[in-house]
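Take a moment to turn the model around before reading on. The paragraphs below will walk you through it step by step, and you may like to keep the view open as you go.

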Amino acid sequence: MDSLTEKIGQIVYDSIYAREEARLEDELNVMKQSKGDTSYKVEEINYMKKELDSIENLIVNADTAKKYGVIGMYDYTISKNAQSKSGRVYYFISNNGNVLNPGMISDSLKTVVVQLK
């Protein structure tokens, strides 16, 4: 874990969201090719784009000295039906101990579970 200033924290948070949004775009393209239902994925991507806009606005006004919290990295392996898949999730813990991106953590894990049909 590393400590972050408010500005660096927002930049890292923005980068993680951008990476996640790009992953969802890739999944959407695969779904379109296989002619699967894409409505949920499109909704998810639209939500991510709104979040990215909000985070970018926070970066502009973020403090460069104020401590923001820490960033952690969680490596995991999920096994299901004699298959395994590994992944990595980055998470933020604010100065008061709250995890700032719990939805991103659970969404990442759910995506891997679905892939292990």
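Three elements each give at least two residues to the lining of the largest pocket: helix H1 (6–33), strand S3 and helix H3 (102–115). Before going further, please keep in mind that this is a predicted model. The largest pocket encloses about 360 Å³ of space. Its lining is made up of 15 residues, and those nearest the centre are Arg-19, Glu-20, Arg-23, Arg-88 and Ser-108. If you sort the lining by character, you find 6 nonpolar, 4 polar and 5 charged residues.

Now step back and look at the chain as a whole. You can count 3 helices and 3 strands in it. Starting from the N terminus, their order is β-α-α-β-β-α. The C-alpha trace spans about 50 × 30 × 15 Å along its principal axes. The chain has 117 residues, and 33% of them count as buried. Contacts that reach across the sequence are worth a look too: among those between residues at least 6 apart, 65% join residues at least 24 apart.

Where do the buried nonpolar residues gather? In soluble globular proteins, nonpolar side chains tend to be buried together. Here the largest nonpolar core holds 15 residues, and the members that touch the most others are Leu-4, Tyr-13, Ile-16, Tyr-17, Ile-55, Ile-71 and Phe-92. At least two residues of this core come from each of H1, helix H2 (39–61) and S2. There is also a second, separate core, with 7 residues, including Tyr-76, Ile-105, Val-112 and Leu-116.

To see how the largest core is put together, start with one of its members, Ile-16. Beyond its neighbours within four places in sequence, Ile-16 is in contact with Ile-71, Tyr-90, Phe-92 and Met-104. Let us follow one of these partners, Phe-92. You will find Phe-92 in strand S3. Is Phe-92 buried or exposed? With a relative accessible area of 0%, Phe-92 is buried, because anything under 20% counts as such.

Phe-92 has a long list of partners, even when residues up to four places away in sequence are not counted. Toward the start of the chain, Phe-92 touches Leu-4, Gly-9, Val-12, Tyr-13 and Ile-16. Further along, the residues touched by Phe-92 include Tyr-68, Val-70 and Ile-71, and also Asn-98, Val-99, Leu-100 and Asn-101. The C-alpha atoms of Phe-92 and Ile-71 are separated by 4.5 Å, although the two residues are 21 apart along the chain.

One of those contacts deserves a closer look. The structure holds 2 aromatic pairs. Tyr-68 and Phe-92 form an edge-to-face aromatic pair, with 6.4 Å from centre to centre and 80° between the planes. Tyr-68 belongs to strand S2 (residues 67–80) and Phe-92 to strand S3 (residues 83–94), so their pairing ties together parts that are 24 residues apart in sequence. Tyr-68 and Phe-92 are both buried.

Stay with strand S2 a little longer, and you will come to Gly-72. Gly-72 counts as buried, with 4% relative accessibility. From the C-alpha of Gly-72 to that of Ile-93 is 7.7 Å in space, while the two residues are 21 apart in sequence.

Next, follow the chain into the loop between S2 and S3, where Asn-81 is found. Ala-82 has its place in that loop between S2 and S3 as well. Asn-81 is not a glycine, yet it has a positive phi of about 50°. Ala-82 is not a glycine either, and its phi is positive at about 60°. How accessible are these two residues? The relative accessible area of Asn-81 is 54%, which makes it exposed. Ala-82 is exposed too, at 90% relative accessibility.

Finally, return to helix H1, where Ile-11 sits. At 35% relative accessibility, Ile-11 counts as partly exposed. Ile-11 and Lys-35 are 24 residues apart along the chain, and their C-alpha atoms are separated by 36 Å.

Conventions. Residues are numbered from 1 along each chain as its sequence is written. This is a predicted model: local features need pLDDT of at least 70, side-chain atom pairs count only at pLDDT 80 or more; totals for chains, interfaces and linings use all residues. Side-chain values use heavy atoms; hydrogens and water are left out. Rings of Phe, Tyr and Trp (its six-membered ring) pair if their centres lie within 6.5 Å; planes under 30 degrees apart count as stacked, over 60 as edge-to-face and the rest as tilted. Helices (H or I, at least four residues) and strands (E, at least two) are DSSP runs, numbered from the N terminus. Buried means under 20% relative accessible area, exposed over 50%, partly exposed in between (1.4 Å probe, protein chains only). On a 1 Å grid over the protein atoms alone, a cavity is a set of points where a 1.4 Å probe fits but cannot get out, and a pocket is an open set with protein on both sides within 12 Å along at least five of seven lines; lining residues have an atom within 4 Å of a point. Grid points are joined across faces, edges and corners, and a volume is the space filled by probe spheres set on the points. Ala, Val, Leu, Ile, Met, Phe, Trp, Tyr, Cys and Pro count as nonpolar, Asp, Glu, Lys and Arg as charged, and the others, Gly among them, as polar. A nonpolar core is a set of buried Ala, Val, Leu, Ile, Met, Phe, Trp, Tyr and Cys residues joined through side-chain atoms within 4.5 Å. Contact means heavy atoms within 4.5 Å.
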